[in-house]
Amino acid sequence: MAVKQRLKTIERNPNERNKDFNEVNLGYTQELAIEEAKRCLQCPNPTCVQGCPVGIDIPGFIKKIAEKDFEGSYKVLKKYNSLPAICGRVCPQEIQCEGSCVLNKVGQPISIGALERFIADWAINNNIEEDIIPEKRINKKIAIIGAGPAGLTTASELSKAGFSVDMYEVFHDVGGVLIYGIPEFRLPKSIVKKEAQLLKKLGVNIFTNIPVGLAIHPKELLEKYDAIFIGVGAGTPKFMDIEGTELNGVYSANEFLTRINLMKAYKFPQSDTPVKIGEKIVVIGGGNTAMDAARSALRLGANVTIVYRRSENEMPARKEEIKHAKEEGVKFQTLTQPVRYIGDENGNLIGIECIKMELGEPDESGRRKPIPIPNSNFIIEASVAIEAIGTNPNKLLLSQFDGLELNKWGYIKADEFGRTSIEKVFAGGDIVTGSATVILAMGAGKKAASVIKQALY
Amino acid sequence: MKNKILEKRKLAYGVHEFWIENPIVSKNAKAGQFVIFRLYENGERIPLTISAVNKDSFRVIVKAIGKSTYELCRLNKGDFILDVVGPLGMPSEVKYYGNALVIGGGVGIAAITPIVKELIKEKNNVDVILGGRSKEYIILENEFKNANNLYIVTDDGSLGEKAYPHQFMEKMIQEKNYDIIWAIGPSKMMKACSEVAKKHDIKIWVSLNSIMVDGTGMCGGCRVRIGNKLKYTCVDGPEFDGRLVDWESFEKRLNQYRKEEKIALSKYLQEVGEPTWL
Ligand SMILES: Cc1cc2nc3c(=O)[nH]c(=O)nc-3n(C[C@H](O)[C@H](O)[C@H](O)COP(=O)(O)OP(=O)(O)OC[C@H]3O[C@@H](n4cnc5c(N)ncnc54)[C@H](O)[C@@H]3O)c2cc1C
Ligand SMILES: Cc1cc2nc3c(=O)[nH]c(=O)nc-3n(C[C@H](O)[C@H](O)[C@H](O)COP(=O)(O)OP(=O)(O)OC[C@H]3O[C@@H](n4cnc5c(N)ncnc54)[C@H](O)[C@@H]3O)c2cc1C
Ligand code: SF4
Ligand code: FES
């Protein structure tokens with residue numbers, strides 16, 4: 001039996017979209033969504049669900065789309081995932097649900113992510129809201145530190161269960177990486193705002209501009225709250241720390257993206273925060289962060305090259321992002337590693353000395369190890385270099401939290417349910433695992449919420 | 001959080017004192033820490049040292065040097081600051097040292113007020129040097145009455161001795177043994193003082209005013225090289241041992257956005273006219 005081809009989502013023309021920050025992928029129309037949903041075999045033993053970190057009833061919500069019952073579909077989805085419009089857009093589906101779909105064996109998997117997004121957007125556009133009034137109020141107080149996906153999920157779960165929840169965020173806005181990291185063309189801020197509004201409706205008290213650790217001491221939190229959830233992320237950027245790292249024009253991807261996403265530097269001088277653009281920008285790294293920085297730079301009019309030390313096969317970014325970046329005109333220079341930044345007398349970057357690499361035997365990560373080829377050095381001209389090579393734990397709170405055990409990389413030690421070395425204190429998301437994904441951070445928040453509920457009900 | 005401006009006072013040309021209502025900051029702030037202001041949606045994030053606290057409010061002293069600080073200095077009593085986040089940064093390492101020398105230059109005088117106060121509380125002998133371009137720029141003089149000795153130096157000799165702070169500092173070190181030094185002011189001054197301290201092998205704290213975005217250790221933009229290690233001013237500092245700071249790259253990084261800053265300021269002045277209110 002011939003299996004029907006997977007239906008493509010609607011994407012904007014690369015030459016048009018690479019000039020603005022509007023969304024690239026427009027998703028499915030109703031007709032397309034129904035067609036695609038009908039391809040699902042409704043497996044009695046759905047392997048896709050096993051591939052999903054939060055175990056969404058995937059055939060369940062897809063079946064309702066095929067039946068044109070969009071509201072019903074939304075209800076199924078929301079039972080498992082409180083941020084479907086976000087996950088539908090940014091989850092690495094190809095290695096999760098879609099990667100585990102049985103149709104992979106005979107053709108292309110169901111486009112689960114696009115269907116999830118379709119339903120979530122449909123609900124937003126039709127003002128569908130779930131019944132969010134908790135059945136009973138419980139006289140217990142919970143503090144949530146950090147308003148990224150982990151904190152947002154924990155807050156909403158616990159608030160729905162009837163707890164009184166205070167959420168503290170050091171930024172002026174909630175969302176964490178979703179607002180300062182992932183650009184508008186991949187995840188519109190309006191969608192993250194929607195989610196924040198929902199939290200307010202649930203009765204979560206949101207306190208922004210609060211650096212927990214300095215403005216509120218952990219001791220005070222321990223006295224005031226019955227449980228504390230830490231979801232402060234792993235936001236501190238790493239640098240390769242090669243010669244010339246202090247030069248002007250060398251950015252971490254976080255800084256570059258924050259200037260653009262949060263501070264709207266692309267509107268300078270209409271907005272107040274500037275960002276250096278220059279003609280040639282080099283982005284170093286191969287993950288989602290590198291793709292986001294490169295595609296943002298492109299939209300500011302630069303000529304952009306991604307430099308990565310392994311080959312494209314080893315790049316950790318979502319396949320879709322790599323494809324989009326290429327279509328839009330980002331150049332890729334793989335098997336290349338920067339070794340030194342070169343500056344002019346005013347401290348401005350003018351070039352990057354690189355060395356060519358080859359792949360050796362697989363290392364602990366299972367990927368083939370990059371090895372420098374001697375005497376292959378060459379110089380790439382660039383006035384801006386953006387390093388997207390990973391992050392470290394955010395110390396703002398951890399340095400103040402006496403007795404909180406950390407692992408050897410400085411992340412919080414926590415068990416599967418987020419229990420830490422201190423009673424009443426839970427943690428989850430990037431601050432436990434190191435840089436991971438939105439859905440894993442949400443999954444961690446959900447698990448922690450479940451044990452907090454058990455302990456305090 | 002309302003962040004109302006309770007008081008505003010002009011201290012010198014372009015230098016203004018603000019008292020801002022914010023109990024979270026005032027309750028928790030320690031000497032050496034700072035806040036970040038954002039005046040409105042899409043505004044810049046402006047780091048400012050906390051210079052004093054009251055029950056429900058705290059003080060900052062701002063020097064208008066570019067668009068965002070001009071805008072801030074135009075606000076008046078009764079106005080609100082959209083966002084105030086703080087306290088941020090590591091507190092000053094104030095404890096009993098013995099003899100302390102504290103140097104404040106220009107608007108840096110605002111930053112040393114809480115440090116001097118704390119040092120006196122810890123029973124140190126504290127000598128203070130205030131430096132400025134001319135007598136109009138010496139601010140807050142009467143807040144150092146409790147110091148053991150107060151010296152004033154100006155570049156033009158219009159008040160106190162005619163000298164640069166580091167020159168006067170050198171003279172004092174010749175006469176007296178100091179166990180610890182603080183120097184806060186323009187980077188040129190802090191650098192020069194650090195060189196003197198290094199020569200005499202005395203520890204010196206300086207407070208670095210790196211260009212910041214978030215102030216929470218998230219962007220890496222405020223990085224400085226300290227004794228050959230990369231440090232983030234906002235979370236590892238802002239105070240560092242001045243003898244270990246790589247001043248050359250620090251100063252170059254301060255000039256990163258010169259061109260853009262000029263554009264922003266002239267555009268702003270076109271909108272609001274001559275800054276007679278400064
Ligand atoms: C550019 C970029 C692109 C990415 N793309 C993808 C993608 O396509 N798909 C995907 O699944 N994942 C992606 N990721 C990873 C994903 O965003 C993270 O794994 C996820 O956001 C982690 O969530 P979190 O809640 O643990 O932390 P975060 O999102 O980092 O949130 C932590 C929050 O805590 C706040 N905070 C920190 N310290 C304090 C304190 N002391 N007091 C108060 N608040 C504090 C921070 O300001 C922040 O808002 C990307 C990451 C980046 C940087
Ligand atoms: C920890 C810290 C404490 C500070 N305390 C005080 C204080 O008590 N009083 C005071 O008047 N000033 C203080 N500053 C400096 C103040 O933040 C800058 O003067 C202000 O941000 C300049 O903004 P602008 O738009 O007016 O000037 P711009 O025209 O943008 O810049 C002028 C110069 O200011 C510096 N600067 C620009 N943007 C920033 C930024 N985001 N962060 C830091 N410096 C910047 C640069 O050196 C630049 O060359 C402090 C800075 C730091 C980092
Ligand atoms: S594995 Fe694929 S075909 Fe089977 S239920 Fe899941 S999405 Fe449908
Ligand atoms: S200001 Fe961003 S890391 Fe310090």
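**Which element gives the largest share of the shell around ligand 1?**

Before solving that, some ground rules. This is a predicted model, where local features need pLDDT of at least 70 and side-chain atom pairs count only at pLDDT 80 or more, while totals for chains, interfaces and linings use all residues. Residues are numbered from 1 along each chain as its sequence is written, chains are lettered from A and ligands numbered from 1 in the order in which they are written, and side-chain values use heavy atoms, with hydrogens and water left out.

**Exercise 1. Describe the surroundings of ligand 1.**

Step 1: start with the opening question. The largest share of the shell comes from α14(A), with three residues. Helices here are DSSP runs (H or I, at least four residues), strands are E runs of at least two, and both are numbered from the N terminus.

Step 2: look at the neighbours. A residue is near a molecule or strand if one of its heavy atoms lies within 4 Å of it. Ligand 1 has 37 residues around it, and Val90(A), Ala150(A), Glu169(A), Arg186(A) and Asp430(A) come nearest.

Step 3: sort them by class. You get 21 nonpolar, 11 polar and five charged residues. Ala, Val, Leu, Ile, Met, Phe, Trp, Tyr, Cys and Pro count as nonpolar, Asp, Glu, Lys and Arg as charged, and the others, Gly among them, as polar.

Step 4: find polar contacts (pairs of N or O atoms within 3.5 Å; within protein, one must be able to donate a hydrogen and the other to accept it, and residues adjacent in sequence count only if both atoms are side-chain atoms). A polar side-chain atom of Arg186(A) sits 2.7 Å from a ligand 1 oxygen atom. On the backbone, a polar atom of Val212(A) is 2.9 Å from a nitrogen atom of ligand 1.

Step 5: check the cover. On its own, ligand 1 has 1,000 Å² of accessible area, and the protein covers 96% of that. Such areas come from the Shrake-Rupley method with a 1.4 Å probe; for residues, only the protein chains shown count as cover.

**Exercise 2. Do the same for ligand 2.**

Step 1: of the 23 residues around ligand 2, Pro47(B), Ile61(B), Lys63(B), Thr69(B) and Met212(B) come nearest.

Step 2: β4(B) gives the most to this shell, with five residues.

Step 3: the classes come out as 11 nonpolar, six polar and six charged.

Step 4: pick out polar contacts. A side-chain N or O atom of Thr49(B) is 2.9 Å from a nitrogen atom of ligand 2, and a polar side-chain atom of Glu261(B) lies 3.2 Å from one of the ligand 2 oxygen atoms. The protein buries 91% of the 850 Å² that ligand 2 exposes when taken alone.

**Exercise 3. Which classes make up the shell around ligand 3?**

Step 1: list some neighbours, including Cys40(A), Cys43(A), Cys48(A) and Cys101(A).

Step 2: count by class, giving nine nonpolar, one polar and no charged residues.

**Exercise 4. How much area do chain B and chain A bury between them?**

Step 1: the contact (heavy atoms within 4.5 Å) takes 46 residues from chain B and 45 from chain A.

Step 2: the buried area is about 3,900 Å², 53% of it on carbon and sulfur atoms. Buried area is the accessible area (1.4 Å probe) that two parts lose on being put together, summed over both.

Step 3: on the chain B side, Asn42(B), Met218(B) and Tyr257(B) supply 17% of the area buried against chain A, more than any other three residues.
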